[in-house]
Amino acid sequence: MRPDNAGPIIAAARRRHELTRAKAIRAIRELDHAGTPVTFAAVAASALVSRSWLYSQTDIRDQIQQLRAATSRSPAAPVPAGQRASDASLLRRLQAAHAEHRQLLEERARLLEERDRLRRQIARALGEQRQTGNQPPF
């Protein structure tokens, strides 16, 4: 009877599978970081794997499709996922812009009040000079 060699063969197949997955994931990250469009063909060429294998890996396929969709919407050069603004970041920027807008409106109101106060002072000063008969200095 022959010895059972299935265990080492199965272990080798698992290692090869995990190595292939790691190469594909690394290729996706490198393409995205470089700003290169992430497509199945680009990932397959970079990782030296087949496109059909990429399609058979559900999580990798979903990641490629998500990155491909995100970069195909904009006509400009694609922005790597790590550099894209998150929803929380955009919300903080919007809140900061609203706070700055409120501050500018308050400063504008203060400056308008100061302008009106100075106009009243000038009008009073001119009125007093006219009553005394003096000519304005300007």
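Here is a walk through this structure, starting with the overall layout and ending with a few single residues. Keep in mind that you're looking at a predicted model.

Let's start with the big picture. The protein chain has five helices and zero strands, so if you trace it from start to end you read α-α-α-α-α. The chain has 138 residues, and 16% of them count as buried. Its accessible surface adds up to about 10,900 Å², with 54% of that belonging to carbon and sulfur atoms. Now take the contacts between residues at least 6 apart in sequence: 49% of them join residues at least 24 apart.

Next, look at two of the helices, α1 and α5. Helix α1 covers residues 6–34. How far should its 29 residues span at 1.5 Å a residue? The expected span is 42 Å, and the end C-alpha atoms are 42 Å apart, which agrees. You can try the same check on helix α5, which covers residues 87–132. Its 46 residues should span 68 Å, and the end C-alpha atoms are indeed 68 Å apart. After each of these helices you'll find a glycine. Gly-35 follows α1 and has a positive phi, near 85°, while Gly-133 follows α5 with a positive phi near 90°.

Now for the inside. The largest nonpolar core has 15 residues, and those with the most contacts inside it are Ile-28, Val-38, Val-43, Leu-54, Ile-60 and Ile-64. The elements giving two or more residues to this core are α1, α2, α3 and α4 (58–72).

Which residues of α1 are buried? They are Thr-20, Arg-21, Ala-24, Ala-27, Ile-28, Leu-31 and Asp-32. When you read that list, it helps to remember that an α-helix has 3.6 residues a turn, so residues three or four places apart point the same way.

Let's zoom in on one name from that list, Ile-28. This residue sits in helix α1 and counts as buried because its relative accessible area is 1%, with the cut-off set at under 20%. Setting aside residues up to four places away in sequence, Ile-28 touches Val-38, Val-43, Ile-60, Gln-63, Ile-64 and Leu-67. Look at the last of those partners: Ile-28 and Leu-67 are 39 residues apart along the chain, and their C-alpha atoms are separated by 9.0 Å.

Leu-54 is another member of the core to explore. Leaving out its neighbours within four places in sequence, Leu-54 is in contact with Ala-24, Phe-40, Val-43, Ala-44, Val-49, Ile-60, Arg-61 and Ile-64.

Back in α1, have a look at Arg-21. Is Arg-21 buried or exposed? At 15% relative accessibility, Arg-21 counts as buried. Beyond its neighbours within four places in sequence, Arg-21 is in contact with Trp-53, Gln-57, Asp-59 and Ile-60. With one of these, Gln-57, there is a polar contact of 3.2 Å between the two side chains. You can also compare positions along the chain and in space: Arg-21 and Ala-47 are 26 residues apart in sequence, and C-alpha to C-alpha they are 9.1 Å apart.

Now hunt for aromatic rings. The structure holds one aromatic pair. Its members are Phe-40 and Tyr-55, with ring centres 4.0 Å apart and planes at 20°, so the pair is stacked. Why does this pair tie together parts that are 15 residues apart in sequence? That's because Phe-40 lies in helix α2 and Tyr-55 in helix α3. As for their surroundings, Phe-40 is buried at 3% relative accessibility, whereas Tyr-55 is partly exposed at 39%.

One last stop is the loop between α2 (40–47) and α3 (51–56), where you'll find Leu-48. This residue has a positive phi of about 60°, although it is not a glycine. Leu-48 is also exposed, since its relative accessible area is 69% and the cut-off for exposed is over 50%.

Conventions. Residues are numbered from 1 along each chain as its sequence is written. This is a predicted model: local features need pLDDT of at least 70, side-chain atom pairs count only at pLDDT 80 or more; totals for chains, interfaces and linings use all residues. Side-chain values use heavy atoms; hydrogens and water are left out. Helices (H or I, at least four residues) and strands (E, at least two) are DSSP runs, numbered from the N terminus. Buried means under 20% relative accessible area, exposed over 50%, partly exposed in between (1.4 Å probe, protein chains only). Contact means heavy atoms within 4.5 Å. Accessible areas come from the Shrake-Rupley method with a 1.4 Å probe; for residues, only the protein chains shown count as cover. A polar contact is a pair of N or O atoms within 3.5 Å; within protein, one must be able to donate a hydrogen and the other to accept it, and residues adjacent in sequence count only if both atoms are side-chain atoms. A nonpolar core is a set of buried Ala, Val, Leu, Ile, Met, Phe, Trp, Tyr and Cys residues joined through side-chain atoms within 4.5 Å. The expected span of a helix is 1.5 Å times one less than its number of residues. Rings of Phe, Tyr and Trp (its six-membered ring) pair if their centres lie within 6.5 Å; planes under 30 degrees apart count as stacked, over 60 as edge-to-face and the rest as tilted.
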